[in-house]
Amino acid sequence: MSKKEKLIRICVLGASFSGKSTLCNRFINNNFEWIYEPTIEVGIFRKLINITEDEEHKQYCMMQIEDLFPINHPYLQMPKGTNSDVDNMMSYYDLVLGNKRSGEKKKSNEKVLFKETFIHGYMYIYDMNSLASLEELEKVIEYVHIREEKEAGKKKSGLAAKILVGTKKDICPQQSPIPANKIEQLKKKYNLLSRKVSALTNSEVKEVFLDLARNAMDRSSGADGGQDSESEEESSGFFSFLGCGKREKEGEKEKSGCLIS
Ligand SMILES: Nc1nc2c(ncn2[C@@H]2O[C@H](COP(=O)(O)OP(=O)(O)OP(=O)(O)O)[C@@H](O)[C@H]2O)c(=O)[nH]1
Ligand SMILES: [Mg+2]
């Protein structure tokens, strides 16, 4: 990667079976798998893309796409301390949702890069055929929103770009189980881009990633840097937000194990 190409870190979040990995697979490998293989940890992909699509004035960025385990993974419901896998998963998840900029000055190796680099874009995935998948997603969208509102008051930094993505358009009936006004409300409330895609027919897949990359590039120009210190309230994490499994504060930073080795 040349110095000119910016790394854009994108996290793909959504309920199990909503189509996250399949969407990534279509974008990265132009491939589609019918067989469902649950994502247990995190799939990391990188792809160099020209975000202008203009052959004369190319502007490349390196997209780092992180396909996460589902937001309703059973491990995320377990009490902290159950086992190291549970703790690692919760810590990684909180890091992703907390989206701190503070690690940016410490890019000494890949592990730190994956764990702590600011996330420039969130891809919020729901299955157009499942209202439950959207309801699960809403909790995470709300959490990220609250975190960002708090952060915005303290430092001058760009917020992450966000796109709401409805998947499996090819099998969605005319009468979708998800009311159209619900999507409109979410978009408005949280300032989300949106698209409906099909990984099967390869409809709007590339566009989803391009929209997010472009928006992230716009937001991040001039917004990088900015250190901050973590207050007690901020470090409480997603699980306290949901009112479950209160996290121990002591030594939590040291235990923020990364799932990528
Ligand atoms: N018809 C159709 N099926 C799809 C599409 N996208 C995904 N699927 C199917 O939906 C199932 C789940 O897809 P995954 O991409 O594995 O779902 P996931 O969100 O990664 O699931 P977790 O890893 O458990 O979080 C698979 O059987 C896919 O073949 C699509 O666009 N159309
Ligand atoms: Mg998956």
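**Confidence.** I looked up the confidence of this predicted model before anything else. The protein chain has a mean pLDDT of 81, and 75% of its residues reach 70 or more. I noted two weak stretches. Residues 224-235 stay under 50, and the model has 15 contacts beyond four places in sequence for them. Residues 245-261 are also below 50 in pLDDT, with 35 contacts in the model beyond near neighbours in sequence. I read no local detail from either stretch, since local features need pLDDT of at least 70.

**Layout.** I counted seven helices and six strands in the protein chain. Read from the N terminus, the order is β-α-β-β-α-α-β-α-β-α-β-α-α. Of the 261 residues, 30% count as buried. I then checked how contacts are spread along the sequence: among those with a separation of 6 or more, 72% are between residues 24 or more positions apart.

**Strand E4.** I asked how many residues of E4 are buried. The result is seven of seven, so I record E4 as mostly covered, taking 20 or more other C-beta atoms within 10 Å as the cut-off for buried. In a regular strand the side chains alternate between the two faces of the sheet. I therefore listed the two sides of E4 separately, with Gly-121, Met-123, Ile-125 and Asp-127 on one and Tyr-122, Tyr-124 and Tyr-126 on the other. Both faces are covered, and each of these residues is buried.

Next I looked up the partners of E4. E1 and E4 run parallel and are joined by five bridges. In this pairing I found Val-12 opposite Met-123. E4 and E5 are parallel as well, with seven bridges between them. Here Tyr-124 stands opposite Leu-164.

**Core.** I went on to the largest nonpolar core, which has 47 residues. Those with the most contacts inside this core are Cys-11, Val-12, Leu-13, Met-123, Tyr-124, Leu-212 and Ala-213. The elements that each supply at least two of its residues are the strands E1 (6-14), E3 (60-68), E4 (121-127) and E5 (161-167) and the helices H1, H2 (84-98), H4 (131-152) and H6 (205-220). H6 gives the largest share, six residues.

I picked Leu-212 for a closer look. Leaving aside neighbours within four places in sequence, I found Leu-212 in contact with Ile-10, Gly-121, Met-123, Ala-161, Ile-163 and Leu-193.

**Ligand 1.** I looked up the shell around ligand 1 and found 21 residues. The closest are Gly-19, Ser-21, Thr-22, Thr-39 and Pro-70. Which helix gives the most to this shell? It is H1 (residues 20-29), with three residues. Sorted by class, the shell has eight nonpolar, nine polar and four charged residues.

**Two residues of H4.** I checked Lys-139, which has its place in helix H4. I record Lys-139 as partly exposed because 14 other C-beta atoms lie within 10 Å. Its C-alpha atom is 9.4 Å from that of Ile-71, 68 residues away along the chain.

Glu-151 also lies in helix H4. Why is Glu-151 partly exposed? It has 18 other C-beta atoms within 10 Å, and a residue needs 20 or more to count as buried. I also noted its distance to Lys-100: the two are 51 residues apart in sequence, with 9.2 Å between their C-alpha atoms.

Key: Residues are numbered from 1 along each chain as its sequence is written. Chains are lettered from A and ligands numbered from 1 in the order in which they are written. This is a predicted model: local features need pLDDT of at least 70, side-chain atom pairs count only at pLDDT 80 or more; totals for chains, interfaces and linings use all residues. A residue is near a molecule or strand if its C-beta atom, placed from the backbone, lies within 6 Å of it. Helices (H or I, at least four residues) and strands (E, at least two) are DSSP runs, numbered from the N terminus. Ala, Val, Leu, Ile, Met, Phe, Trp, Tyr, Cys and Pro count as nonpolar, Asp, Glu, Lys and Arg as charged, and the others, Gly among them, as polar. A nonpolar core is a set of buried Ala, Val, Leu, Ile, Met, Phe, Trp, Tyr and Cys residues joined through C-beta atoms within 7 Å. A residue is buried if 20 or more other C-beta atoms lie within 10 Å of its own, exposed if 12 or fewer, and partly exposed in between; C-beta atoms are placed from the backbone. Two residues are in contact if their C-beta atoms, placed from the backbone, lie within 7 Å. Two strands pair if DSSP finds at least two bridges between them. pLDDT is the predictor's confidence in each residue, from 0 to 100.
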